[in-house]
Amino acid sequence: MPVSTAVFGAWNNPNLILYHGTLDMHVPLIRHRVNRAAGRGRTDFGRGFYTTTVLGQACQWARMQALRRSPRLPPARPAVVSFRVSRDDLAKLQAVWFVRATRRAHDFWSLVAYCHGPGAAHGRAVNSGWYDVAIGPVAASWRRRVAIPNSDQVSFHTRAGEKLLKKSIDTAIVLDGGKWRSFP
């Protein structure tokens, strides 16, 4: 039986909303310039600027960063920056996509292991070795091939990816007094 557009609405190629969990002190810097090099290496898809389509995941990541912060440093509040990305513009980037992270998804786990190891880029012969964007599940334990359920990551690794995000910055929220509020 065909699915009615009355139930879901007509598809009109809407923007993709991406979220980045961070600390309030970093929001002005991100608004000024998305910097892929500020990310740490040896992550699932290598050094880059990581986002997710799952708001709760970004909020949790922001909270974890605040908790991990040294007590010797000034306190910082969890914050989330959102990006409203044109799907057409995203499609112009060189991308690698992974849909599943089952134990048998050898291509996904191979790239993740490579990026967690000494691999400095994605191992490509073009584009300085990088994909502009890498999209897929989040590894809970890459050595055991276990992914975090109901999570995803969309990471940007090149200047082209930075430029797309810079023009797509939408809003920011901060955890203030136990409630998420708009960030000025």
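The paragraphs below go through three helices, a pocket, some loop residues and the cysteines of this structure. The model is a predicted one.

Helix α3 is a convenient place to begin. This helix runs over residues 55–68, which makes 14 residues. At 1.5 Å a residue, α3 should span 20 Å, and its end C-alpha atoms are 20 Å apart, so the expected and the computed span agree. Which residues of α3 are buried? They are A58, C59 and A62. Seen down the axis of α3, these buried residues fall within an arc of 100°, and therefore they line one face of the helix. The face turned away from the buried side carries the exposed residues L67 and R68. On the buried side, α3 packs against three strands: β1 (16–23), β3 (78–85) and β10 (179–182).

One residue of α3 falls between these two classes. G56 has its place in this helix. Its relative accessible area is 47%, and G56 is therefore partly exposed, since exposed would require over 50%. G56 and D176 are 120 residues apart along the chain, while their C-alpha atoms are separated by 16 Å.

Helix α3 also has a part in the largest pocket. About 1,200 Å³ of space lies in this pocket. Its lining is made of 37 residues, and those nearest the centre are G21, R40, Y50, W61 and Q65. Several elements contribute to the lining: β1, α2 (27–32), β2 (49–51) and α3 each supply at least two residues. Which element gives the most to the lining? It is α3, with seven residues.

The next helix is α5, which covers residues 106–116. Its buried residues are F108, W109, L111, V112, C115 and H116. Around the axis they cover an arc of only 160°, which puts them on the same side of α5. Among the elements that cover these buried residues are the strands β4 (95–97), β6 (139–141) and β7.

Helix α6 spans residues 159–166. Buried in α6 are G161, E162, L164 and L165. Down the axis of α6, the buried residues fall within an arc of 160°, so they line one face of the helix. The elements that cover them include β1, β2, β3, α4 (87–91), β8 and β9 (169–176). Two of the strands named here, β1 and β3, also pack against the buried residues of α3.

L164 gives a closer view of α6. Is L164 buried or exposed? Its relative accessibility is 5%, and since buried means under 20%, L164 counts as buried. Leaving aside neighbours within four places in sequence, L164 is in contact with V85, D89, L90, L93 and F156. R69 is another matter: L164 and R69 are 95 residues apart in sequence, and their C-alpha atoms are 30 Å apart in space.

Some residues in loops also deserve attention. I148 and N150 are both placed in the loop between β7 and β8, with I148 and N150 differing in how they are exposed. At 37% relative accessibility, I148 counts as partly exposed. At 76%, N150 counts as exposed. Leaving aside neighbours within four places in sequence, I148 is in contact with V138, A139 and A140. The C-alpha atoms of I148 and F108 are separated by 14 Å, and these residues are 40 residues apart along the chain.

The backbone of N150 has a further feature. Its phi is near 55°, a positive value in a residue other than glycine. N127 also has a phi near 55°, again positive in a residue other than glycine. N127 lies in the loop between α5 and β5 (133–136). With a relative accessible area of 29%, N127 is partly exposed.

The cysteines come last. A disulfide is a covalent bond between the sulfur atoms of two cysteines. How many disulfides does the structure hold? It holds zero. C59, in α3, counts as buried because its relative accessibility is 8%. C115, one of the buried residues of α5, counts as buried at 0% relative accessibility.

How values were computed:
Residues are numbered from 1 along each chain as its sequence is written. This is a predicted model: local features need pLDDT of at least 70, side-chain atom pairs count only at pLDDT 80 or more; totals for chains, interfaces and linings use all residues. Side-chain values use heavy atoms; hydrogens and water are left out. Helices (H or I, at least four residues) and strands (E, at least two) are DSSP runs, numbered from the N terminus. The expected span of a helix is 1.5 Å times one less than its number of residues. Buried means under 20% relative accessible area, exposed over 50%, partly exposed in between (1.4 Å probe, protein chains only). The arc is that of the directions from the helix axis to the C-beta atoms. Contact means heavy atoms within 4.5 Å. A disulfide is a pair of cysteine sulfur atoms within 2.5 Å. On a 1 Å grid over the protein atoms alone, a cavity is a set of points where a 1.4 Å probe fits but cannot get out, and a pocket is an open set with protein on both sides within 12 Å along at least five of seven lines; lining residues have an atom within 4 Å of a point. Grid points are joined across faces, edges and corners, and a volume is the space filled by probe spheres set on the points.
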